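I opened this entry to look up how aromatic rings meet one another in the model, and what surrounds them. The model is a predicted one, and I keep that in mind throughout.

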Amino acid sequence: MTELVLTHTGQLDPAVRAAARELLDQVFDGELTDDDWEHCLGGMHALLWEGAELIGHAALIQRRMLHNGRALRTGYVEGVGVRASARRRGHGAALMAAVERLARNAYELAALGSTEEATAFYAGRGWRPWLGPTSALTPAGIVRTEEEDGGIYVLPLSAELDIQGELVCDWRDGDAW
Ligand SMILES: CC(C)(COP(=O)(O)OP(=O)(O)OC[C@H]1O[C@@H](n2cnc3c(N)ncnc32)[C@H](O)[C@@H]1OP(=O)(O)O)[C@@H](O)C(=O)NCCC(=O)NCCS
């Protein structure tokens with residue numbers, strides 16, 4: 001029996017917060033940086049429990065994306081992971097369905113930076129790779145992020161999009177996307 005719980009970072013019990021970090025450390029083979037984890041905080045978490053064990057996590061945070069002369073209120077998906085032993089049983093899909101539902105009601109656009117192994121997973125859910133150039137609005141101005149081109153996926157919501165156009169993310173420590 002699994003249970004999916006939606007909660008804001010501000011309501012996370014410290015032990016649950018630690019369990020989510022530990023799960024993502026395992027899922028990303030120890031490559032999750034402190035900045036990567038920080039990027040998961042401040043919004044909503046979808047937590048998938050199997051009994052007392054946390055087996056899946058996804059976060060949805062708010063960012064601003066500059067596109068077509070607008071600063072789009074964007075739901076950005078972070079920290080998507082399912083424990084290796086529990087994959088291909090629909091848990092990732094359940095986590096994504098939960099954050100997509102939140103995003104549809106709260107944001108004009110949803111976006112994420114995909115790992116190589118997860119592109120088929122997102123594409124199968126209707127997420128589309130951004131085809132235009134990506135950039136970040138850094139303290140020194142707008143800077144291209146060529147290395148991210150092709151790896152940014154969006155779920156079109158209410159915003160009008162030119163998917164071949166420029167997409168600029170807001171600034172943060174660690175990876176911009
Ligand atoms: C990506 C991830 C979250 C998917 O979780 P999951 O619970 O296995 O996903 P689901 O069982 O819900 O898969 C749903 C569908 O997505 C697709 N899919 C999922 N994983 C896939 C893979 N590795 N390769 C190709 N397609 C995949 C399949 O179509 C699958 O349906 P199917 O099993 O009926 O064929 C999981 O593999 C994971 O944690 N990976 C490591 C961390 C990671 O890369 N996270 C993404 C960060 S951007």
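**Aromatic pairs**

I looked for rings of Phe, Tyr and Trp whose centres lie within 6.5 Å, and by this rule I count three aromatic pairs in the predicted model.

I took the pair of Y76 and W177 to begin with: the ring centres are 6.5 Å apart and the planes stand at 45 degrees, so I enter the pair as tilted, given that tilted covers what is neither under 30 degrees nor over 60. I then looked up where the partners sit, and found Y76 in strand 4 (residues 70-82) and W177 in the segment after strand 10 (167-169), so this contact ties together parts that are 101 residues apart in sequence.

Are these two rings buried or exposed? I find Y76 buried because its relative accessibility is 1%, and W177 is buried as well, with a relative accessible area of 8%, where the cut-off for buried is under 20%.

I also checked what lies over the face of Y76, and noted R63 there, at 4.7 Å from the ring centre.

**F121, Y122 and W127**

I turned next to F121 and Y122, whose ring centres are 5.1 Å apart with planes at 55 degrees, so this pair is tilted. For F121 I read a relative accessibility of 29%, which counts as partly exposed, whereas Y122 is buried, with a relative accessible area of 6%. Following the ring pairs onward, I found that they link F121, Y122 and W127 into a cluster.

Terms used
Residues numbered from 1 in each chain as written. Predicted model: local features only at pLDDT ≥ 70, side-chain atom pairs only at ≥ 80, totals over all residues. Heavy atoms only, no water. Phe/Tyr/Trp six-rings, centres within 6.5 Å; stacked < 30°, edge-to-face > 60°. Helix = DSSP H or I, 4+ residues; strand = E, 2+ residues; numbered from the N terminus. Buried < 20%, exposed > 50% of the residue type's maximum accessible area, 1.4 Å probe, protein only. Lys NZ or Arg CZ within 6 Å of the ring centre and 35° of its normal.
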